Amino acid sequence: GAQQQTDALVVCVGGTAFATHSLLPFATLPSVGFLVKSHQATAMQSPAYECRPTPADLEYLAELTTVRITPSFEAGVFSFLEGEVGPFVPQRPVDVPLWLAVTLRRRNKCVIHVPEWLQLENLQAKLEEEKQAKQAFTAMPQHFQAISAILFEIAGEEIPNSEATRQVLQSIVDARKTKISAGLNDMKHSVAMKLNNITLMEITSVRQFFAAAMDAFYELSGAAD
């Protein structure tokens, strides 16, 4: 496929350079302990990329989600095209994009706060709601699977009752998968399926089936005419 050049960011913290979120606009960061520069990164572009999001695409979108951190460093405001982040004061919570939280956490520059929806008691309530709603999906953050996977990997020790939380979260995912499977089976007798509150990752998992099913439906409709 054709290649296109995209900007990525490199931030230096304590004299060590590391890459941050790719495909983000150039940002000018305060000089206090930080240096940012733009470099060229190569990305592959193809028709398949445009119509079939990959897990990496969905993770990229998830990393734009705002989370709260407590920094252990001091710096001014970081100015990005999407808005300003900061200032950063030690032990004072601040909201940042997930990609920046991950980058700072890897350098031991912050503690990431566990989102309310990822707390065990809230997930347990969501699981019960998911079980009771036999033909509907309970409302969850759009990228809850990707966000939780990132947080468990980067800051698992900061998540209270992490093992129990993982299990309940997986039960929610399994319950939703069961509903999707049941809905797909029902489509053998109907062309309608209720997909309220379904996430992009879940849509992606059944996209190929839906595309094939709708193609067959339109072919049959044309033959009937």
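The following questions and answers cover the core, some loop residues and the salt bridges of a predicted model.

Student: What do the numbering and the cut-offs of this model rest on?
Tutor: Residues are numbered from 1 along each chain as its sequence is written, and side-chain values use heavy atoms, with hydrogens and water left out. The model is predicted, and local features need pLDDT of at least 70, side-chain atom pairs count only at pLDDT 80 or more, and totals for chains, interfaces and linings use all residues.

Student: Which helix supplies the largest share of the largest nonpolar core?
Tutor: A nonpolar core is a set of buried Ala, Val, Leu, Ile, Met, Phe, Trp, Tyr and Cys residues joined through side-chain atoms within 4.5 Å; buried means under 20% relative accessible area, exposed over 50%, and partly exposed in between (1.4 Å probe, protein chains only). The largest core has 38 residues, of which I69, F88, V96, L100, I112 and L118 touch the most other members. Elements that each supply at least two residues include β4 (66–71), α3 (98–106) and α5 (144–155), where helices (H or I, at least four residues) and strands (E, at least two) are DSSP runs numbered from the N terminus. The largest share, eight residues, comes from α5.

Student: Is T70 buried or exposed?
Tutor: T70 is in strand β4. Contact means heavy atoms within 4.5 Å, and beyond four places in sequence T70 touches Q91, R92, P93, C110, V111 and H113. Because its relative accessible area is 15%, T70 is buried.

Student: Where does the cis peptide bond to P87 lie?
Tutor: The peptide bond from G86 to P87 is cis, with omega near 5°. P87 is found in the loop between β6 (83–85) and β7.

Student: Is Q91, with its positive phi, buried or exposed?
Tutor: Phi of Q91 is near 70°, a positive value in a residue other than glycine. Q91 lies in the loop between β6 and β7. Its relative accessibility is 62%, so Q91 counts as exposed.

Student: Why are D57, L58 and A62 on the same side of α2?
Tutor: These three residues are buried in helix α2 (residues 55–62). The arc is that of the directions from the helix axis to the C-beta atoms. They are on the same side of α2 because they cover an arc of only 140°.

Student: How many residues apart are R68 and D95, which meet in a salt bridge?
Tutor: A salt bridge is a side-chain nitrogen of Lys or Arg within 4 Å of a carboxyl oxygen of Asp or Glu, and by this rule the count comes to seven. The R68 and D95 side chains meet at 2.8 Å, N to O. R68 is in strand β4 and D95 in strand β7, and the separation is 27 residues.

Student: Which residue forms a salt bridge with R105?
Tutor: R105 is in helix α3, and its partner is in the loop between α5 and α6, 53 residues apart. Both residues of the pair are buried. At 2.5 Å, N to O, the partner of R105 is E158.

Student: Which residues are linked with R176 in a network of salt bridges?
Tutor: R176 forms a salt bridge with E130, the closest N and O atoms being 3.1 Å apart. The pair links helix α6 to helix α4, and both residues are buried. The network joins R176 with E130, K179 and E202.
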